[in-house]
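Colleague: Got a minute to go through this model with me? I'd like to work through the side-chain contacts, then the overall picture.

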Amino acid sequence: MGSQDELQEPILQSRSQPAAVLHNEVNSRLEKVLNDTELPYLKRILLASAIELKLLFPLAGPAVFVYMINNLMSLSTRIFAGHLGNLELAAASLGNNGIQLFAYGLMLGMGSAVETLCGQAYGARKYEMLGTYLQRATVVLTVTGIPLTVIYLLSKPILLLLGESKAVASAAAVFVYGLIPQIFAYAVNFPIQKFLQAQSIVNPSAIISAATLVVHLLLSWLAVYKLGLGLIGCSLVLSLSWFIIVIAQFVYILKSDKCKYTWNGFTLQAFSGIWEFVKLSSASAVMLCLETWYYQILILIAGLLKDPEIALDSLSVCMGITGLLFMVSVGFNAAASVRVSNELGGGNPKSAAFSVVVVTLVSFIIAVIEAVVVLCLRNVISYAFTEGETVAKAVSELSPLLAVALLLNGIQPVLSGVAVGCGWQAFVAYVNVGCYYLVGIPVGCVLGFKFDFGAKGIWSGMIGGTVMQTIILLWVTFRTDWIKEVEKAKMRLDKWDDDKQTLQND
């Protein structure tokens, strides 16, 4: 076994890098422990697990908190809109779940390409690449925001075309117009968020999000109750709150010593290699959007059942519970992506594989606990959302399926995070199309309508598609040659070096 000094090979000889060197030292220790055949097998696994868990929880915990805060901001906006009247509540819900959620999924998906690139670059200690990737992603996402703006401006005719009433479509369009600035806040926020996560910097984002939520609630109260700005006021405040988050995070990047090696100022290199980044980010967006739309389609199909009110109410309760607990899975998704990409970039194949096992097991254990709690509370859990006994009975009948969905959420999002860390987004997009849209939805419709199983049948079919997807991802992950994944990461980083050299020569 080598000395401790052999684990530290500084890239930038002219400056000390305490935070980054410590990060890579821990990662190197993990790889070293996993390769140490002199240690007994059980002791080796326990020691490696301790190292991995120390890296995992500080990543996953704040990430869960950030995603929950972001959801609460959107939810609070709908609540304020609801106090204006039923029409305003319907308009805000429709604008948020119909138009805005599409943009959110698209931008978040495209931004996840930064997780792959920045995570691998950070693991390889090519720190200045992270700032370039951040700027390149911001350019691509900002350009993407232009056609999204057109969609927002055309939201009224789009909603009318989908069969919404003129009153609701008109009010929803007003709400959506106020969310146009939010598109461009997304374009900067998601790359910044992934840029920081790749460096295991997550606490500042959590603190900024929490503080912004307080400001958001205050400004929303002023806009609705004091200034009487109505729906447009609610949505403009939400857009402003997202810009507050963006500005605060960017100021942190400029001022923090933790980012002084990964942010070296603005550079023209951000405009090179755009097409390669577009291909990766597009695959990321498709991967995420296909998952998001899958569950939206579930609600739309349920509205076509014989007794749509009970079906929609019971599914809405179950989806509300799933959505809240899904934030835990999203946090582990982010942690898995960071851990795997860092290890691949650092040339640590065994550490990458071990990280996958640990994060999946931890996430699954938490999901089991969630499922058990839901089953224990199956007869009363709906009363947190509604007082109707009929809905409570319907939710109780759906609770076993809800428990299964929670168990799957303990595995599938983590595997999607692994895919992002490895750069498999295009492959997962194809898997999602096959499992969700060629199997899940058709089977759900047959069970729900042909065999008259109602909401239970539709959800059973959809869960079947998710089970198939999870099995495929488990099999692919299990069969992965991690040494080859390390080589692919190196090739990706070497290509960046070539593009950089070409630009400098020009």
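Modeller: Sure, let's begin with a charged pair: Lys-194 and Glu-115 form a salt bridge, meaning a side-chain nitrogen of Lys or Arg within 4 Å of a carboxyl oxygen of Asp or Glu. Bear in mind that this is a predicted model, where local features need pLDDT of at least 70, side-chain atom pairs count only at pLDDT 80 or more, and totals for chains, interfaces and linings use all residues. Residues are numbered from 1 along each chain as its sequence is written, and side-chain values use heavy atoms, with hydrogens and water left out.

Colleague: How far apart are the closest N and O atoms of Lys-194 and Glu-115?

Modeller: Lys-194 sits in helix α8 and Glu-115 in helix α4 (residues 113-123); helices here are DSSP runs (H or I, at least four residues; strands are E, at least two), numbered from the N terminus. The pair links distant parts of the chain, 79 residues apart. In space, the closest N and O atoms are separated by 3.3 Å.

Colleague: Is Lys-194 buried or exposed?

Modeller: The classes go by relative accessible area: under 20% is buried, over 50% exposed, and in between partly exposed (1.4 Å probe, protein chains only). Glu-115, the partner, has 5% and counts as buried. Lys-194 has a relative accessibility of 3%, so the label is buried.

Colleague: How many residues apart in sequence are the parts tied together by Glu-52 and Arg-339?

Modeller: Glu-52 and Arg-339 form a salt bridge with the closest N and O atoms 2.7 Å apart. Glu-52 is buried at 1%, and Arg-339 is buried at 3%. Glu-52 lies in helix α2 (residues 41-82) and Arg-339 in helix α12 (residues 308-345), so the separation in sequence is 287 residues.

Colleague: Which residue is linked with Glu-52 and Arg-339 in a network of salt bridges?

Modeller: A search of the whole structure finds four salt bridges. Glu-52 and Arg-339 belong to a network, and the residue linked with them is Glu-343.

Colleague: Which helix holds Lys-488 and Glu-485?

Modeller: Their side chains meet in a salt bridge, 3.5 Å from N to O. Lys-488 is partly exposed at 45%, whereas Glu-485 is buried at 7%. The two are three residues apart, so about one helical turn separates them, and the helix is α18 (residues 482-505).

Colleague: On to the rings. What kind of aromatic pair do Tyr-104 and Tyr-186 make?

Modeller: Rings of Phe, Tyr and Trp (its six-membered ring) pair if their centres lie within 6.5 Å; planes under 30 degrees apart count as stacked, over 60 as edge-to-face and the rest as tilted. The whole structure has 14 aromatic pairs. For Tyr-104 and Tyr-186, the centres are 5.5 Å apart and the planes are at 75 degrees, so the pair is edge-to-face.

Colleague: Which residue forms an aromatic pair with Tyr-186 at 5.0 Å centre to centre?

Modeller: Tyr-186 is buried, with a relative accessible area of 0%. This second pair is edge-to-face as well, with 85 degrees between the planes. The partner lies in helix α10 (residues 230-255), 56 residues from Tyr-186, and is buried at 3%. That residue is Trp-242.

Colleague: Which residue joins Tyr-104, Tyr-186 and Trp-242 in one aromatic cluster?

Modeller: Tyr-104 is in helix α3 (residues 86-111) and is buried at 16%. The cluster takes in Tyr-104, Tyr-186 and Trp-242, and the residue that joins them is Phe-190.

Colleague: What is the relative accessibility of Gln-425?

Modeller: Gln-425 lies in helix α16 (residues 425-450). Gln-425 touches several residues, among them Ser-112, Thr-116, Leu-280 and Met-287, not counting residues up to four places away in sequence; contact means heavy atoms within 4.5 Å. Gln-425 counts as buried, and its relative accessibility is 0%.

Colleague: Zooming out, what share of the protein chain's residues count as buried?

Modeller: The chain has 18 helices and zero strands. Among contacts between residues at least 6 apart in sequence, 83% join residues at least 24 apart. Of the 506 residues, the share that count as buried is 54%.
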